[in-house]
Amino acid sequence: MPELIFNGKRIDIAVGETLLAAIARAGEAAHSVASSCPGAGRCKECIVQVLAGSDALSDWTQAESFLRHHSDSEVAVHRLACQARITRADAVVRVEAFKRKLDIAMNGRAAADTFDPWITRDGARLLCDGKEFGNHAGSIHGLAVDVGTTTCVLHLVDLSTGDTLDMRAFENPQRFGGSDVIHRISYDGHNPGQLHRTIIAYLNREIRSLPVDPNGIVALVVAGNPTMRDLFFGIDVRSIGQSPFMSATQADILAGRRRSTAVWTGGQELGIDIHPQGRVYGMPLISNHVGADTAAVLATLPLNDRPFMMIDIGTNTEVVAGCESRLLAASCAAGPAFEGGRLGCGIAACEGAITRMRRRPDGWDLSLIGNGPARGICGSGLVDILAELRRTEEIDVLGRFDDGETRVTVADSPPLHFTRSDASELAQTKAAIGLGQAVLLRHLGIGPGDLRAYYLAGAFANHIDLESGRRIGLLLPVPDGHVVRIGNASVEGAKGVLRSRSCRDRIEGLVRQIEHLELEKEPDFFDLFAEMTQLQPISA
Ligand code: FES
């Protein structure tokens, strides 16, 4: 009988069975091996490191070609767990989950509200909005938590002074449920509660590592897109994944059962290892797929009569535009391409990722994360390669190579290629994002030149080259002087709410005023989308 040792644990496996099937059957896929296709070799998420016994595995499949050249048999072989099969009855194969160290934006533009906490202490009495909810004699602290689909960031705040004492960042451990919200919703439907328990367990681990008494943490503010926020709170997310794509809290408002999409509960109810009566506040959602993370970003922006646009580029991209008197919001189903998903050459922003690319006559000038060889191209590099290939006219507006080729070589050793199908996948993604921006401007009756501020939120936007982004039509033609990169403004907005009752109340009121646009209901949606797939600047 062959033997599989996964993360140090023995698992039964049959000859001919894939590693992923055995790992999943043993209940070990959770917390470790991601899978969004699932098992079809498309999502490239189920990478494992084979530490021993690779000669007892089946030959590399076509889906694994990108890994073959990056595996060093002296150190470790990387395989897709859904593709590698056991070939011998006497096999002993030792495998570990593949760990990647992501480049995570820890902070960003801060909310400007003055320190005015809604959690206070009077002697040993803990007060929330002036009402007693528990007792604690020592120092009191709070956590602002941004739960992103890919990464999570938390800030520890001293609730007596408002000072930030510490920060933590980690990859969202729910990755095993898929890389985007649709796969997470589906996973949660088949495995109710597992994603919720996983994020709470990881949060507890981070809390234990903080330099304060967990019992003195008396408040948590949580921001996230509707799926991430509601999975955190253990709320059923199925309705977010099907038309009309509404969270349970939004549906409750429409049915007159509640007045706000914000949620309140206690640390004990959620199993979070803080003060047992600690208050946990989920920031309000805006509408449909536009969530509490966008509300948190808005908490950091100055709202006045000057038109602005904010885009937060991720697997789901949110766009908000307008001014104080009228704000519009939309979500764009961008998909994971700019995070490296579904691309032969793509990779997340981690060690070995190419972040910047410039074409030269005999090859490329590359900037990488870390000192090792190039393992793939992450978001900012992908924007660059499209823009550079357009600048040199090696590809046309449809991403076709002018010389009839199907790919261009980025690096020789190990070999890395950018293909026609990579260009086409990215063109679809950038079309979704460009379309969202264009539709919001159209509804406001303004053009890019009318924007007084163009806020770019998130880690990807922190690194994107503005000229490259404009050249391929991912970014609007807004002058550099009006572009403001605001980093992880979501965690900063959550912190603003934690520090200030007026900030919390202001955002609760603001989200009710925002008009949500469903892009696919635009009468010319398909024409506009087709136009936006073209790799050229958006017209001014
Ligand atoms: S599960 Fe293996 S590539 Fe998607």
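## Report on a predicted model

Asp 129 lies in the loop between β7 (125-128) and β8 (131-135). Helices (H or I, at least four residues) and strands (E, at least two) are DSSP runs, numbered from the N terminus. The model is a predicted one, in which local features need pLDDT of at least 70 and side-chain atom pairs count only at pLDDT 80 or more, while totals for chains, interfaces and linings use all residues. Residues are numbered from 1 along each chain as its sequence is written, and side-chain values use heavy atoms, with hydrogens and water left out.

**Loop residues**

Phi of Asp 129 is near 50°, a positive value in a residue other than glycine. Asn 288 also is not a glycine and has a positive phi of about 50°. Most residues other than glycine have a negative phi, and most peptide bonds are trans. A cis peptide bond, with omega about 10°, joins Ser 243 and Pro 244. Pro 244 sits in the loop between α5 and α6 (248-254).

The table gives the accessibility of four loop residues. Buried means under 20% relative accessible area, exposed means over 50%, and partly exposed is in between (1.4 Å probe, protein chains only).

| Residue | Loop | Relative accessible area | Class |
|---|---|---|---|
| Glu 17 | between β2 and α1 (19-25) | 16% | buried |
| Asp 129 | between β7 (125-128) and β8 (131-135) | 27% | partly exposed |
| Gly 148 | between β9 (141-147) and β10 (151-158) | 17% | buried |
| Asn 288 | between β14 and α8 | 8% | buried |

Contact means heavy atoms within 4.5 Å. Leaving aside neighbours within four places in sequence, Glu 17 is in contact with Ala 22, Arg 25, Ala 84, Arg 85 and Ile 86. With the same neighbours left aside, Gly 148 is in contact with Asn 172 and Met 228. Gly 148 and Met 309 are 161 residues apart in sequence, and their C-alpha atoms are 21 Å apart in space.

**The five-stranded sheet**

An open sheet is formed by 5 strands in the order β2-β1-β5-β3-β4, with mixed pairing. Its edge strands, β2 (9-12) and β4 (77-80), each pair on one side only. From one strand to the next, the twist averages 35°; axes are lines fitted to C-alpha atoms, for helices over the stretch in contact, and angles run from 0 to 180 degrees between N-to-C directions. Two strands pair if DSSP finds at least two bridges between them.

Strand β1 (residues 3-6) pairs with strand β5 (residues 92-97) in the parallel sense over 4 bridges. The pairing of β1 with β2 is antiparallel, over 4 bridges. Ile 5 has Arg 94 as its bridge partner in β5 and Arg 10 as its bridge partner in β2. Phe 6 stands opposite Val 95 in β5. β1 and β2 form a hairpin with 2 residues between them, and Asn 7 in the turn has a positive phi of about 50°.

**Two helices**

In helix α3 (residues 181-190), the buried residues are Val 181, Arg 184, Ile 185, Tyr 187 and Asp 188. They cover an arc of only 165° around the axis, which puts them on the same side of α3. The arc is that of the directions from the helix axis to the C-beta atoms. These buried residues of α3 pack against α4 (194-208) and α5 (226-232).

Helix α14 (residues 501-513) has 13 residues and should span 18 Å at 1.5 Å a residue, which agrees with the 19 Å between its end C-alpha atoms. The expected span is 1.5 Å times one less than the number of residues. Cys 503, Arg 504, Ile 507, Glu 508, Leu 510 and Val 511 are buried in α14. Seen down the axis, the buried residues of α14 fall within an arc of 165°, so they line one face of the helix. Their cover includes β13 (263-266), β14 (279-282), α8 (292-298), β17 (326-332) and α13 (489-499).

**Nonpolar cores**

A nonpolar core is a set of buried Ala, Val, Leu, Ile, Met, Phe, Trp, Tyr and Cys residues joined through side-chain atoms within 4.5 Å. The largest nonpolar core has 63 residues, of which Met 309, Ile 377, Ile 385, Phe 418, Tyr 454, Leu 456 and Leu 474 touch the most other members. Helix α10 (residues 420-444) gives the largest share of this core, 12 residues. Apart from it lies another core, of 45 residues, among them Leu 126, Leu 285, Ala 457 and Ile 514.
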